[in-house]
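Thanks for sharing this one. Here are my notes, set out as numbered points so that you can follow them with the model open.

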Amino acid sequence: MKLKNKDLKKKLLKQVPIILLFMSVLNNFDFNYLGLKYFSFNFSYILIFYFSLKRSSSLGYTYIFIAGLFNDVVNGSPIGISSLMYLFLCGVAAYLRVITLRTSFFKDWIAFVGAILILNSLSFVIVNLFFNFEISFINQIVNIFFTSLLYLLFSSIFSFFKGSSSVR
Amino acid sequence: METSRDDFVIAIRSAFLKKQNQQRFSLLGLIVFSLTILILGGLNFKPINYLKLVVKEIAYRSTFFVSVPEKLIKESYQITKKHINLYNINVRNELELEDLKSKDLLNNFLVLENQRLKLIVEDYFVESDGIYAKILSDKNSPFLKSIIINKGSKHGVNIGAVVKDKEYLIGKIIEVNYTTSRVLLLSDINSKIPVLIEPQGLLSILSGSGDKEGVIQYSKAENITEDTSVVYTSGVGGLYKAGIPVGKIKKINTGSLNNKVEFFSDFSQLKFVEVLFFEIKSAK
């Protein structure tokens with residue numbers, strides 16, 4: 001009985017990243033209600049990059065793809081764009097995982113910043129040019145800035161809970 | 001040089017083509033699939049539109065439940081904030097109430113007089129009917145200021161229908177599903193409505209700024225000299241019923257005026273809204 005409970009707990013813990021991902025895309029928890037003019041961040045990017053890099057088995061690509069579709073629908077952006085960006089981010093993380101022998105927190109962060117800069121620019125160009133959707137340039141920059149900064153915080157929290165910062 | 005290029009190709013191949021444990025699809029396969037959906041969605045391909053409808057119905061309903069904990073936090077935060085400012089709010093409200101009571105009497109008289117005069121000049125008047133809807137999700141993201149309501153085509157909601165919070169305009173319907181709809185708020189950068197600035201009687205366009213306030217466009221700013229100027233819908237183009245209050249010209253700290261508009265309704269506090277249907281009827 002005890003063993004069964006332990007198994008169940010383990011299985012539930014394994015699903016935590018997926019639950020967090022779906023909660024973040026369906027709920028967009030970005031503290032907008034605080035009314036801070038220049039504050040927003042993309043929690044999904046942080047979550048996807050971290051878990052694709054550190055625990056690739058925790059988040060399946062199919063779940064990430066579906067989460068992207070949900071995110072587009074909730075945000076009202078063209079359907080498929082978030083999935084594409086999320087999967088590109090997974091690609092960057094997977095590439096980094098393959099080429100890196102010794103992990104470094106700082107190098108991971110640099111790679112993350114580079115990746116979200118490119119991905120946000122790409123999404124900005126696609127949405128603006130092909131879908132005639134107006135997006136505030138400043139908001140986009142603010143979002144990139146805080147996402148980059150908060151990656152440090154959230155990855156430390158995830159590492160603390162998982163105790164896996166050095167395991168790949 | 002050759003070896004490093006080989007390593008790069010191997011790493012890319014491993015990252016994008018190799019299926020991980022318990023993965024059904026490779027990363028590249030899903031990227032291609034997303035790209036296909038994106039392109040076909042842009043071309044209004046029918047099966048993609050059906051897929052969108054299904055995902056929307058699931059996502060909007062799920063959003064309502066998933067956002068319950070955050071809503072609780074948000075409400076507690078706002079209640080605490082209100083309690084802190086309670087005394088000041090009360091004093092201000094009492095003064096405003098006195099002022100409004102006197103204005104209301106005058107208003108009733110003007111409405112009746114207006115209707116009577118319209119009948120005399122055989123003008124038309126607008127008759128409106130509305131339904132109340134609950135907010136399912138208010139994702140005021142920095143990129144899109146919109147809300148999801150629990151009324152859709154099943155309840156007769158159409159694209160372009162006007163949405164009000166009490167007597168104030170908050171936006172219009174831009175997307176209709178079977179049981180849900182999306183309302184584009186006036187604060188969204190893509191929102192543009194024809195307005196009338198009173199008492200100057202200036203016709204203009206009010207655009208969202210992506211922030212809390214709106215911006216008056218295509219009007220000479222120096223014309224708006226009074227900080228008491230109120231912005232109403234003008235009804236030009238027949239998109240909106242004329243005379244719905246939108247906001248007031250914002251006075252900035254330096255004492256000078258700019259072309260920003262402070263909306264009457266607080267879009268972060270919406271719980272129920274009214275979707276308005278209107279038709280123009282002859283006064284006869």
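1. Which residue just after H5(A) takes a positive phi? That is Asn132(A), with a phi of about 50 degrees. Helices here are DSSP runs of H or I with at least four residues, strands are runs of E with at least two, and both are numbered from the N terminus.

2. A word on conventions: this is a predicted model, where local features need pLDDT of at least 70 and side-chain atom pairs count only at pLDDT 80 or more, while totals for chains, interfaces and linings use all residues. Residues are numbered from 1 along each chain as its sequence is written, and chains are lettered from A, with ligands numbered from 1, in the order in which they are written.

3. Helix H5 of chain A covers residues 105-130. Its 26 residues should span 38 Å at 1.5 Å a residue (taken times one less than the number of residues), and the end C-alpha atoms are 37 Å apart, which agrees. The buried residues of H5(A) are Asp108(A), Phe112(A), Ala115(A), Ile116(A) and Ser123(A); buried means that 20 or more other C-beta atoms, placed from the backbone, lie within 10 Å of the residue's own.

4. Chain A has six helices and zero strands, whereas chain B has five helices and twelve strands. Of the 168 residues of chain A, 39% are buried; for the 284 residues of chain B, the figure is 28%.

5. Now the interface: 43 residues of chain A are in contact with 46 residues of chain B, contact meaning C-beta atoms, placed from the backbone, within 7 Å. On the chain A side, H1 (2-27), H3 (61-75), H4 (81-99) and H6 (137-162) each supply at least two residues. The largest share, eleven residues, comes from H4(A). By class, this side has 24 nonpolar, 17 polar and two charged residues (nonpolar: Ala, Val, Leu, Ile, Met, Phe, Trp, Tyr, Cys and Pro; charged: Asp, Glu, Lys and Arg; polar: the others, Gly among them).

6. The largest nonpolar core (buried Ala, Val, Leu, Ile, Met, Phe, Trp, Tyr and Cys joined through C-beta atoms within 7 Å) has 81 residues. H4(A) gives the largest share of this core, eleven residues. Those with the most contacts inside the core include Leu87(A), Leu89(A), Cys90(A) and Val246(B).

7. Leaving aside neighbours within four places in sequence, Val246(B) is in contact with residues including Tyr168(B), Leu186(B), Val231(B) and Phe263(B).

Methods: Two residues are in contact if their C-beta atoms, placed from the backbone, lie within 7 Å. A residue is buried if 20 or more other C-beta atoms lie within 10 Å of its own, exposed if 12 or fewer, and partly exposed in between; C-beta atoms are placed from the backbone.
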